[in-house]
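Visitor: I would like a close look at one part of this model, please: a single residue in the core, and what surrounds it. Could you start there and then work outward through the rest of the chain?

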Amino acid sequence: MAATTEAMMAAKAISVKRYVVRLSGEERERLEALIRKGKSPAQRLVKARILLKADISRAGEGWSDSRIVKALETSLSMVYRVRKQLVEEGFEAVLSRKQRAAPAVARIFDGEKEARLIALACSKPPTGRARWTLRLLENKVVELGIVDRASDSTIGRTLKKTRSSRIVDSAG
């Protein structure tokens with residue numbers, strides 16, 4: 001009997017949630033309206049459903065994480081992250097996308113450097129060449145000190161953005 005009591009206490013300890021979802025009536029209404037409309041990004045709708053299922057308030061269903069995972073066909077880590085974000089950052093943070101503080105990769109060509117690249121691409125090509133190639137431009141912008149390094153694909157994207165049609169050939 002002592003062994004079963006210990007096992008039951010251990011099971012209860014495991015089931016205690018570190019991040020408990022307890023929604024207000026207004027928050028529940030907002031989530032339900034969001035799901036009803038169905039016009040939000042899929043990720044936001046999944047998060048709304050997770051919150052509604054995990055809610056332990058009177059109006060909530062208080063489902064276990066494993067039951068939520070099965071019902072919503074999501075992962076245990078997703079349910080955990082949504083619970084954690086609600087508790088640590090608040091209701092609004094769960095439903096909004098995080099904005100990056102800075103771009104993932106810093107731009108190589110700012111406005112001035114981009115203008116110099118375009119001017120170079122529109123200039124007369126090197127002797128013996130009919131036109132500038134992306135590889136020739138790649139080498140020349142480094143040689144002229146416009147940028148420290150650049151790939152031909154970066155050059156191509158930059159010129160494409162400005163609709164410069166002088167560069168046709170990427171080999172070279």
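Guide: Happy to. In this predicted model, let us begin with Leu31. Setting aside residues up to four places away in sequence, Leu31 touches Leu23, Ala48, Leu51, Leu52, Phe91 and Leu95. Leu31 also ranks with the residues that have the most contacts inside the largest nonpolar core, a group that includes Leu23, Ile50, Leu51, Ile68, Leu86 and Phe91 as well. That core has 21 residues. At least two of its residues come from each of helix H2 (25-37), helix H3 (42-54), helix H4 (65-72), helix H5 (76-89) and helix H6 (91-95). The biggest share is that of H3, which gives 6 residues. As general background, nonpolar side chains in soluble globular proteins tend to be buried together.

Apart from this core lies another one, made of 14 residues, with Leu134, Leu137, Ile146 and Val147 among them. We will come back to that second region after a look at the helix pair around our starting residue.

Leu31 takes part in the packing of H2 against H3. On the H2 side the contact involves Arg28, Leu31, Glu32, Leu34 and Ile35, and on the H3 side Arg44, Leu45, Ala48, Arg49, Leu51 and Leu52. Sorted by class, the residues of this contact are 7 nonpolar, no polar and 4 charged. The axes of H2 and H3 come within 9 Å and cross at roughly 140°. At that angle, the two helices are therefore oblique to each other, and their crossing is left-handed.

Staying with H3, have a look at Lys53, which is placed in that helix. Leaving out neighbours within four places in sequence, Lys53 is in contact with Glu61, Gly62, Trp63 and Ile68. Of these, Ile68 is one of the residues with the most contacts inside the largest core. Lys53 can also be paired with Ala71: the two are 18 residues apart in sequence, with their C-alpha atoms 9.5 Å apart in space.

A little further along the chain there is a backbone detail to check. Glu73 is found in the loop between H4 and H5. Its phi is near 50°, a positive value in a residue other than glycine. For context, most residues other than glycine have a negative phi. Glu73 counts as exposed because its relative accessibility is 75%, over the 50% cut-off.

Now for the second region, where H7 is a good guide. Arg116 is found in this helix, which spans residues 111-122. With a relative accessibility of 38%, Arg116 counts as partly exposed. Beyond residues up to four places away in sequence, Arg116 touches Leu144 and Ile146. Ile146 belongs to the 14-residue core. Arg116 and Ile146 are 30 residues apart in sequence, yet 7.4 Å apart from C-alpha to C-alpha.

H7 packs against helix H8 (residues 134-143) at an angle of about 125°, and their axes are 11 Å apart. That angle makes H7 oblique to H8, and the crossing of the pair is right-handed. H7 contributes Leu117, Leu120 and Ala121 to the contact, while H8 contributes Leu137, Lys140 and Val141. These residues divide into 5 nonpolar, no polar and 1 charged. Leu137 of H8 is among the members of the 14-residue core.

H7 has a further partner in helix H9 (residues 152-161): the axes of the two come within 11 Å and cross at roughly 90°. This makes H7 roughly perpendicular to H9. Their contact is formed by Glu114, Leu117, Ile118 and Ala121 of H7 together with Ile155, Thr158, Leu159 and Lys161 of H9. By class, the residues here are 5 nonpolar, 1 polar and 2 charged. Leu117 and Ala121 of H7 appear in the contact with H8 and also in the contact with H9.

Stepping back to the whole chain, there are 9 helices and 0 strands, which gives the pattern α-α-α-α-α-α-α-α-α along the sequence. The chain has 172 residues, and 31% of them count as buried. Among contacts with a separation of 6 or more, 56% join residues 24 or more positions apart.

Definitions and conventions. Residues are numbered from 1 along each chain as its sequence is written. This is a predicted model: local features need pLDDT of at least 70, side-chain atom pairs count only at pLDDT 80 or more; totals for chains, interfaces and linings use all residues. Side-chain values use heavy atoms; hydrogens and water are left out. A nonpolar core is a set of buried Ala, Val, Leu, Ile, Met, Phe, Trp, Tyr and Cys residues joined through side-chain atoms within 4.5 Å. Buried means under 20% relative accessible area, exposed over 50%, partly exposed in between (1.4 Å probe, protein chains only). Helices (H or I, at least four residues) and strands (E, at least two) are DSSP runs, numbered from the N terminus. Contact means heavy atoms within 4.5 Å. Axes are lines fitted to C-alpha atoms, for helices over the stretch in contact, and angles run from 0 to 180 degrees between N-to-C directions. Angles under 35 degrees count as roughly parallel, over 145 as roughly antiparallel, 65 to 115 as roughly perpendicular and the rest as oblique. A crossing is left-handed if the near helix is turned anticlockwise from the far one by less than a right angle, and right-handed if clockwise. Ala, Val, Leu, Ile, Met, Phe, Trp, Tyr, Cys and Pro count as nonpolar, Asp, Glu, Lys and Arg as charged, and the others, Gly among them, as polar.
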